[in-house]
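Student: I have the model open. Can we go through the labels and ask what stands behind each one?

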Protein chains: 2
Amino acid sequence: MRRSGKLFVVSGPSGAGKSTLSKKVVDFFDDLRFSISYTTRRPRQGEVDGVDYRFVDDERFEEMVERGEFIEHACVHGKKYGTAEKDIKEILANGMDVLLDIDVQGAEQLAEKIGSGVYIFVLPPSMEECRKRLMKRGDIGPEDIEKRLRTAFEEIKKAADYDYIIINDDLDGAFERLKAIIIAERSRKESLIEDVERILRSAK
Amino acid sequence: MRRSGKLFVVSGPSGAGKSTLSKKVVDFFDDLRFSISYTTRRPRQGEVDGVDYRFVDDERFEEMVERGEFIEHACVHGKKYGTAEKDIKEILANGMDVLLDIDVQGAEQLAEKIGSGVYIFVLPPSMEECRKRLMKRGDIGPEDIEKRLRTAFEEIKKAADYDYIIINDDLDGAFERLKAIIIAERSRKESLIEDVERILRSAK
């Protein structure tokens, strides 16, 4: 019952919890893999190179941009992030679905460039909660927090461009909804029509 | 976080297990209700009037047809089945989602008539399994089984007209997929855009 690989794009403002959710859901499904983004920002505490991100310097990043290796790349809060096209193709070639955890600029670029894919927008239940989550992170100064909140506000206005919206009010509930979206998308008629044809042929 | 009511239509050939699945999923969600079909066929063992179906005689059924009370009605294997528009409206007015468990003809009529709704096609994993399930039911004669299998074959060809396809190979897996479809559809941007606007207003 192998369907062709699907691309899931999880995006949203910082402070929404999209990375936590993305990690949980990739852990849950055997046949869903991350495409690990490249970034020029420093690792946060606990982040591992090649697992959470591929941490590269600015020079290396710009080389990749020039060679056209990124399917999307963006500058977010002064740091660069990008997804290598090769990484996605490798996962799909192995019969897996891909999940991208990317910022709103990157998701927009991707949608323009490739069109297909399932676009999921994760947002916090209120702007106040968004602020709290940013503050809890501990690596962002007070001015930066205000700047990020303004960015978050502008980004949330774009939620309607996405296929699905997850309001991350509690992590377990949001995780259940993200899981359900992936299972449901795999049950879309486009994913299963070959199996139906096989069943019809079984009538001989 | 109350969305506007959604209509889920579960259909498929007889022997696919759509009624068992539909019952399980309506039991699972507090805010999902059956619209109970009217039928002129006799109750099968264990079926309860007003719960599984509303069992009516031919005269009463035809009266309802003439008065235009049915949003869809069909004649399946010599027996009549119909969904009263009033029943659906009542459930939606109570802020609930509606699930219809109807045959393929009825689903086609509904799609033409109202357009909106989430259409889910349930089918058996093979024609052989379909035959086994029909035989196990015990209320269908051998000739009738062949007739139903031919009908099932023609109906399965229409699977591509639906939004989702569930191959009912094992009941637990199929139930998980049906649940996921309902949760995912409730996470579609159309269902949540009002909540997003509320979050934006929560700024300042």
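Student: Which residue of chain B comes closest to the rotation axis?

Tutor: Ala180(B), with its C-alpha at 2.1 Å from the axis. Bear in mind that this is a predicted model, where local features need pLDDT of at least 70, side-chain atom pairs count only at pLDDT 80 or more, and totals for chains, interfaces and linings use all residues. Residues are numbered from 1 along each chain as its sequence is written, and chains are lettered from A and ligands numbered from 1 in the order in which they are written.

Student: How do you know that the two copies are related as by a two-fold rotation axis?

Tutor: Superpose them by least squares on the C-alpha atoms of residues with pLDDT of at least 70 in both. Chain B then lies on chain A with an RMSD of 0.0 Å. The operation is a turn of 180° with a shift of 0.0 Å along the axis. The copies are thus related as by a two-fold rotation axis. The same surface serves both: 100% of the contact residues of chain B recur in chain A.

Student: What makes a residue part of that contact?

Tutor: Two residues are in contact if their C-beta atoms, placed from the backbone, lie within 7 Å. The contact takes 33 residues from chain B and 33 residues from chain A. On the side of chain B, H8(B) gives the most, with 7 residues. Helices here are DSSP runs of H or I, at least four residues, and strands are runs of E, at least two, numbered from the N terminus.

Student: Why is His77(B) called partly exposed, and Glu146(B) exposed?

Tutor: Count other C-beta atoms, placed from the backbone, within 10 Å: 20 or more is buried, 12 or fewer is exposed, in between is partly exposed. His77(B) has 13 such neighbours, so it counts as partly exposed. It is found in the loop between strand S5 (70-76) and strand S6 (79-84) of chain B. Glu146(B), in helix H6 of chain B, has 12 neighbours, so it counts as exposed.

Student: What makes S8(A) and S9(A) a pair?

Tutor: Two strands pair if DSSP finds at least two bridges between them. Here 4 bridges join S8(A) to S9(A), and the strands run parallel. Val122(A) stands opposite Ile166(A).

Student: Which way do the residues of S9(A) point?

Tutor: Tyr164(A) and Ile166(A) point one way, Ile165(A) and Ile167(A) the other way, and all are buried.
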